[in-house]
Amino acid sequence: MKDCNCGYCVGGEPLAKFGIKICDLNVSQLILFKEQSKPGRCIVAYKDHVSEIVNISDEERNAFFADVTRAAKAIHKVFKPGKLNYGMYGDTGCHLHVHLCPKYEGGDEWGGTFTMNPGKTYLSEEQYQEMIEKIKAAL
């Protein structure tokens with residue numbers, strides 16, 4: 001099931017407002033979050049437009065969290081954060097997804113939860129592509 005108003009479902013311009021698709025995983029897609037005040041921040045979005053984790057089977061949930069784990073391992077390998085925050089909200093975009101937000105010891109927001117969209121750091125297309133290639137290589 002897809003929602004024609006959802007950036008995770010349709011990609012293109014709606015997705016480009018906040019992210020860049022890196023690749024498809026087993027039951028989800030990996031997206032680089034454009035706001036990069038926390039280098040390596042990504043989103044893992046489930047393949048179908050469902051709102052809640054309880055809306056999918058146990059098998060699909062396990063596969064989704066395997067995708068989250070695979071992405072987390074790649075972020076740890078490439079960016080070496082001191083901690084990775086995992087955020088599941090969906091209050092404004094009712095599509096099952098997880099924010100993977102690297103935190104760096106002594107850095108901004110260390111020891112607390114991350115700001116959803118601080119709007120501080122945006123990169124050039126070349127810098128985004130370089131990050132994407134490093135993440136893909138680490139998957």
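# Exercises on a five-strand sheet and a pocket

β1 and β2 form a hairpin, with 3 residues between the two strands. The model in these exercises is predicted.

## Exercise 1: the sheet

Task: State how many bridges join β1 to β2, and find the order of the strands in the sheet.

Solution.

Step 1. Start with the hairpin. β1 and β2 run antiparallel and are joined by 5 bridges. Within this pairing, Cys-23 has Leu-30 of β2 as its bridge partner.

Step 2. Move on from β2. β2 pairs with β3 in the antiparallel sense, over 5 bridges, and Ser-28 stands opposite Tyr-46 in β3.

Step 3. Continue from β3. Strand β3, residues 42–46, pairs with β5 over 4 bridges, in the antiparallel sense. Cys-42 stands opposite Leu-100 in β5, and Ala-45 has His-97 as its bridge partner in β5.

Step 4. Add β4. This strand runs antiparallel to β5, and 5 bridges join the two. Asn-85 stands opposite Cys-101 in β5.

Step 5. Put the pairs together. The 5 strands form an open sheet in the order β1-β2-β3-β5-β4, with antiparallel pairing. β1 (19–24) and β4 (83–87) each have a single partner strand and stand at the edges, so one side of each has no neighbour in the sheet. On average, neighbouring strands of the sheet are turned by 25° against each other, direction ignored.

## Exercise 2: two enclosed strands

Task: Decide how many residues of β2 are buried and how many residues of β5 are buried.

Solution.

Step 1. Recall the pattern of a strand. In a regular strand, side chains alternate between the two faces of the sheet.

Step 2. Apply the pattern to β2. Ser-28, Leu-30 and Leu-32 point one way, while Gln-29, Ile-31 and Phe-33 point the other way, and all are buried. The count is 6 of the 6 residues, so β2 is largely enclosed by the rest of the structure.

Step 3. Do likewise for β5. On one side are His-97, His-99, Cys-101 and Lys-103, on the other Val-98, Leu-100 and Pro-102; all are buried, and both faces of β5 are covered. With 7 of the 7 residues buried, β5 is largely enclosed by the rest of the structure.

Step 4. Look at a helix on the sheet. α4, residues 125–138, lies across β1, β2 and β3 and runs at about 25° to β1.

## Exercise 3: four loop residues

Task: Place Phe-18, His-95, Lys-80 and Glu-109 in the classes buried, partly exposed or exposed.

Solution.

Step 1. Note the cut-offs: buried means under 20% relative accessible area, exposed means over 50%, and partly exposed is in between.

Step 2. Take Phe-18, in the loop between α2 (12–16) and β1. Its relative accessibility is 25%, so Phe-18 counts as partly exposed. Beyond its neighbours within four places in sequence, Phe-18 is in contact with Tyr-8, Leu-32, Phe-33, Lys-34 and Ile-43. Phe-18 and Phe-33 lie 15 residues apart in sequence, with 6.1 Å between their C-alpha atoms.

Step 3. Take His-95, in the loop between β4 and β5. His-95 has a relative accessible area of 1% and is therefore buried. Not counting residues up to four places away in sequence, the residues that His-95 touches include Cys-6, Tyr-8, Ala-45 and Val-50. The C-alpha atoms of His-95 and Val-50 are 5.3 Å apart, although 45 residues separate the two along the chain.

Step 4. Take Lys-80, in the loop between α3 (58–79) and β4. At 62% relative accessibility, Lys-80 is exposed. Lys-80 is not a glycine, yet has a positive phi of about 50°.

Step 5. Take Glu-109, in the loop between β5 and α4. At 19% relative accessible area, Glu-109 is buried. Glu-109 also has a positive phi, of about 70°, and is not a glycine.

## Exercise 4: the largest pocket

Task: Describe the volume of the largest pocket and the classes of its lining residues.

Solution.

Step 1. Give the volume. The largest pocket holds about 450 Å³ of space.

Step 2. Name the residues at the centre. The pocket is lined by 25 residues, and the closest to its centre are Tyr-8, Phe-18, Thr-92, Gly-93 and His-97.

Step 3. Name the elements. Those that give two or more residues to the lining are α1 (7–10) and β5 (97–103).

Step 4. Sort the lining by class. It has 10 nonpolar, 10 polar and 5 charged residues.

Conventions: Residues are numbered from 1 along each chain as its sequence is written. This is a predicted model: local features need pLDDT of at least 70, side-chain atom pairs count only at pLDDT 80 or more; totals for chains, interfaces and linings use all residues. Side-chain values use heavy atoms; hydrogens and water are left out. On a 1 Å grid over the protein atoms alone, a cavity is a set of points where a 1.4 Å probe fits but cannot get out, and a pocket is an open set with protein on both sides within 12 Å along at least five of seven lines; lining residues have an atom within 4 Å of a point. Grid points are joined across faces, edges and corners, and a volume is the space filled by probe spheres set on the points. Ala, Val, Leu, Ile, Met, Phe, Trp, Tyr, Cys and Pro count as nonpolar, Asp, Glu, Lys and Arg as charged, and the others, Gly among them, as polar. Two strands pair if DSSP finds at least two bridges between them. Axes are lines fitted to C-alpha atoms, for helices over the stretch in contact, and angles run from 0 to 180 degrees between N-to-C directions. Contact means heavy atoms within 4.5 Å. Buried means under 20% relative accessible area, exposed over 50%, partly exposed in between (1.4 Å probe, protein chains only).
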